[in-house]
Amino acid sequence: MRWISAPLLAIEGLTMRFGGLCAVNGLDFTVGRGDVTALIGPNGAGKTTVFNCITGFYRSCGGRMALARTGCAAAEDVRALTQTGRRHASMASGDIFLLERMADFEIAKYAGVARTFQNIRLFQGMTLIENLIIAQHNRLIGGGLGFSGLTGFGGYRAREKAAIEAARYWLDRIGLIERADDPAGALPYGAQRRVEIARAMCVAPVLLCLDEPAAGLNPRESHELNALLLSLRDEHGTSILLIEHDMSVVMEISDHVVVLDYGVKIADGRACEIREDQNVIKAYLGVDDAAEIAAAKGDRISA
């Protein structure tokens with residue numbers, strides 16, 4: 001269980017309020033390095049709010065979010081870094097960042113976190129390869145775009161070549177290299193979902209956050225998505241944190257599942273354990289009676 005022995009991301013006491021509404025309340029969980037971790041729960045459970053806090057779109061109201069770009073987020077080193085008032089340090093256990101102290105672009109650039117969204121956010125009028133190249137803008141600008149970009153000095157040409165090669169690699173990896181020059185908006189919905197994941201992978205993240213990647217996919221596309229995500233974990237060593245309502249995806253590929261309900265964690269463990277957790281069944285199905293829970297045995301978490 002790498003989320004215990006080698007946590008890449010350690011969330012402690014995460015709290016997010018919107019006025020009088022507490023969307024996330026004292027949340028604790030970890031993401032293991034090299035794991036696929038699923039964050040699930042009924043609609044309104046606070047899942048996307050957690051993503052927005054991790055990626056810096058929201059500034060959390062309280063709690064700690066420590067990510068180890070290398071090594072692991074050991075509790076003693078995270079505590080030591082917290083006491084310094086800094087946001088980053090190379091500690092004995094790893095290269096640790098405190099995400100709650102960082103802006104969204106810093107989390108992406110320095111901590112190595114990439115994400116996708118519930119709604120597709122490709123540049124519809126740009127080609128596929130342009131979408132993947134623009135995601136690498138931090139690599140391209142290096143020490144500054146201006147003069148070096150116009151003249152090719154300062155290593156810009158080499159960085160541009162590397163960005164194009166990365167874009168072509170990931171388009172080939174998702175089976176769309178032959179459509180590299182087609183506008184993104186011309187692709188079917190399922191293909192656009194894959195392009196979003198490829199665009200996120202172009203920056204070589206250590207943590208890839210996917211917000212409902214299987215939404216709107218048919219069974220064949222969901223199967224292809226499963227294969228892609230497992231290859232990212234197994235072949236590229238990418239740790240994945242995903243929000244998903246499709247339980248066939250969650251149960252097939254997840255090493256670790258965390259369940260939220262009304263902003264509170266109600267279960268945390270392996271997929272096989274989560275399937276049998278009565279609190280999870282109750283949250284999804286609204287079942288109070290033990291006899292009804294027993295009758296629901298089988299593919300019960302299908303919301």
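**Figure 1. The largest pocket of this predicted model has a volume of about 870 Å³.** The structure shown here is a predicted model. A total of 27 residues line the largest pocket, and the closest to its centre are A108, V113, A135, H137 and V203. Which elements give two or more residues to this lining? They are α4 (104–111), β7 (113–115), α6 (137–141) and α9. Helix α4 provides the largest share, with 5 residues. Sorted by class, the lining has 13 nonpolar, 6 polar and 8 charged residues.

**Figure 2. The second largest pocket has a volume of about 210 Å³.** Its lining is made of 16 residues. Look for G44, A45, G46, K47 and T49, which are the closest to the centre of this pocket. Strand β2 (21–32) and helix α2 (47–54) each supply at least two lining residues. How does this lining divide by class? It has 6 nonpolar, 8 polar and 2 charged residues.

**Figure 3. The largest cavity has a volume of about 60 Å³.** Rolling a probe the size of a water molecule over the atoms reveals where empty space remains. The structure holds 2 cavities of 30 Å³ or more. Which elements give two or more residues to the lining of the largest cavity? They are α9 (189–201) and α10 (219–236). The largest share, 4 residues, comes from α9. The full lining consists of G190, R193, R194, I197, P213, L217, E221, E224 and L225. By class, that makes 4 nonpolar, 1 polar and 4 charged residues. Helix α9 also gives two or more residues to the lining of the largest pocket.

**Figure 4. The second largest cavity contains about 30 Å³ of space.** Which residues line the second largest cavity? The lining is formed by C53, G56, Y58, R59, S60, M65, L99, E100 and M102. Among the lining residues of this cavity, 5 are nonpolar, 2 are polar and 2 are charged.

**Figure 5. Strand β10 (residues 256–261) is mostly covered.** Of its 6 residues, 6 are buried. In a regular strand, side chains alternate between the two faces of the sheet. Now follow the side chains along β10. H256, V258 and L260 point one way. V257, V259 and D261 point the other way. Are these two sets buried or exposed? All are buried.

**Figure 6. Strand β10 pairs with β3 in the parallel sense.** Strand β3 covers residues 36–40. How many bridges link β3 and β10? There are 4 bridges. To find one of them, start at I40: its bridge partner in β10 is V259. V259 is also one of the buried residues of β10.

**Figure 7. Strands β10 and β11 run antiparallel.** Strand β11 spans residues 264–269, and 5 bridges join it to β10. Which residue of β11 is the bridge partner of D261? The partner is V264. D261 points the same way from β10 as V257 and V259. The two strands form a hairpin, with 2 residues between them. In this hairpin, Y262 takes a positive phi near 55°.

How values were computed:
Residues are numbered from 1 along each chain as its sequence is written. This is a predicted model: local features need pLDDT of at least 70, side-chain atom pairs count only at pLDDT 80 or more; totals for chains, interfaces and linings use all residues. Side-chain values use heavy atoms; hydrogens and water are left out. On a 1 Å grid over the protein atoms alone, a cavity is a set of points where a 1.4 Å probe fits but cannot get out, and a pocket is an open set with protein on both sides within 12 Å along at least five of seven lines; lining residues have an atom within 4 Å of a point. Grid points are joined across faces, edges and corners, and a volume is the space filled by probe spheres set on the points. Ala, Val, Leu, Ile, Met, Phe, Trp, Tyr, Cys and Pro count as nonpolar, Asp, Glu, Lys and Arg as charged, and the others, Gly among them, as polar. Buried means under 20% relative accessible area, exposed over 50%, partly exposed in between (1.4 Å probe, protein chains only). Two strands pair if DSSP finds at least two bridges between them.
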